[in-house]
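Student: I'm new to this one, so could you walk me through it?
Tutor: Sure, let's put it on the screen and go step by step.

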Amino acid sequence: MRMFRLWFDFKKKMTTFLISHNLQVDSENVPSFDLTQLSEGLQRKANSVQNIELLGHPHWLMSITSSRSPQELAEELVEAWIQLRVELGHQANHVVLALGGRKDSDAAPGSPLQRGFWGVDVVETIDQAAFLNAINWESLKGNRPVESVFEVSTSKS
């Protein structure tokens, strides 16, 4: 019984992100990532990431698992993302934004986004405010409990 309880406590504290990518920067100096290169780079740059799995899904590119809280993992993710751009010699004078929502309902059959997982759209944009306005972010997150949604960016403003 004790072993099950330890396993359960460990599993309960894990955060799983399913990542999609929205590249809004139209520049040859900010190319799309090769997914293997991206996953290997994030694994190196985000120290708390325990597992990254590439997904064969049209929207969700990869699954990332960490023992950090969703907010902490999102902060680490955007920093690792921009550091990887710099490492690869890409332009990095734009904002990397992570918009996340926790899946609080049952998943559709075959969906990788399961109850308790976080769907996270990583957005690269020049104008964060314009992007968030264009997708009506305030309204989208306003319809969710505050603890089930986050917005993290590399923007210092």
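Tutor: Keep in mind that this is a predicted model. We'll begin with the sheet.

Student: What is the order of the strands in the open sheet?
Tutor: The sheet is open and has six strands, and their pairing is mixed. Going from one strand to the next, the twist averages 25°. Read across, the order is β2-β3-β1-β5-β4-β6.

Student: Which strands stand at the edges, each with a single partner strand?
Tutor: Look for strands where one side is left without a neighbour in the sheet. A strand with a single partner has such a free side, so the edges are β2 (49–54) and β6 (149–153).

Student: How many bridges join β2 to β3?
Tutor: Strand β3 covers residues 62–66, and β2 and β3 run antiparallel. Leu 54 stands opposite Met 62 in β3. The number of bridges joining β2 to β3 is five.

Student: Which strands does α2 touch where it packs on the sheet?
Tutor: The direction of α2 makes about 175° with that of β2. As for the strands that α2 touches, they are β2 and β3.

Student: And what angle does the direction of α3 make with that of β1?
Tutor: Helix α3 packs on the sheet too, touching β1, β2, β3, β4, β5 and β6. With the direction of β1 (15–23), the direction of α3 makes an angle of about 40°.

Student: At roughly what angle do the axes of α2 and α3 cross?
Tutor: Helix α2 spans residues 35–45 and helix α3 spans residues 70–87. The crossing is right-handed. Residues meeting there include Leu 38 and Leu 42 in α2, and Leu 77 and Trp 81 in α3. The contact's residues divide into six nonpolar, three polar and three charged. The axes come within 9 Å, and they cross at roughly 115°.

Student: Is His 90 buried or exposed?
Tutor: His 90 sits in the loop between α3 and β4. Its side chain makes a polar contact with the side chain of Arg 85 (2.8 Å). Buried means under 20% relative accessible area. His 90 has 17%, so it is buried.

Student: What is the relative accessible area of Thr 154?
Tutor: Thr 154 lies in the segment after β6. Leaving aside neighbours within four places in sequence, Thr 154 is in contact with Val 78, Glu 79, Ile 82, His 94, Val 95 and Val 96. Thr 154 is buried, and its relative accessible area is 11%.

Notes. Residues are numbered from 1 along each chain as its sequence is written. This is a predicted model: local features need pLDDT of at least 70, side-chain atom pairs count only at pLDDT 80 or more; totals for chains, interfaces and linings use all residues. Side-chain values use heavy atoms; hydrogens and water are left out. Axes are lines fitted to C-alpha atoms, for helices over the stretch in contact, and angles run from 0 to 180 degrees between N-to-C directions. Helices (H or I, at least four residues) and strands (E, at least two) are DSSP runs, numbered from the N terminus. A crossing is left-handed if the near helix is turned anticlockwise from the far one by less than a right angle, and right-handed if clockwise. Contact means heavy atoms within 4.5 Å. Ala, Val, Leu, Ile, Met, Phe, Trp, Tyr, Cys and Pro count as nonpolar, Asp, Glu, Lys and Arg as charged, and the others, Gly among them, as polar. Two strands pair if DSSP finds at least two bridges between them. Buried means under 20% relative accessible area, exposed over 50%, partly exposed in between (1.4 Å probe, protein chains only). A polar contact is a pair of N or O atoms within 3.5 Å; within protein, one must be able to donate a hydrogen and the other to accept it, and residues adjacent in sequence count only if both atoms are side-chain atoms.
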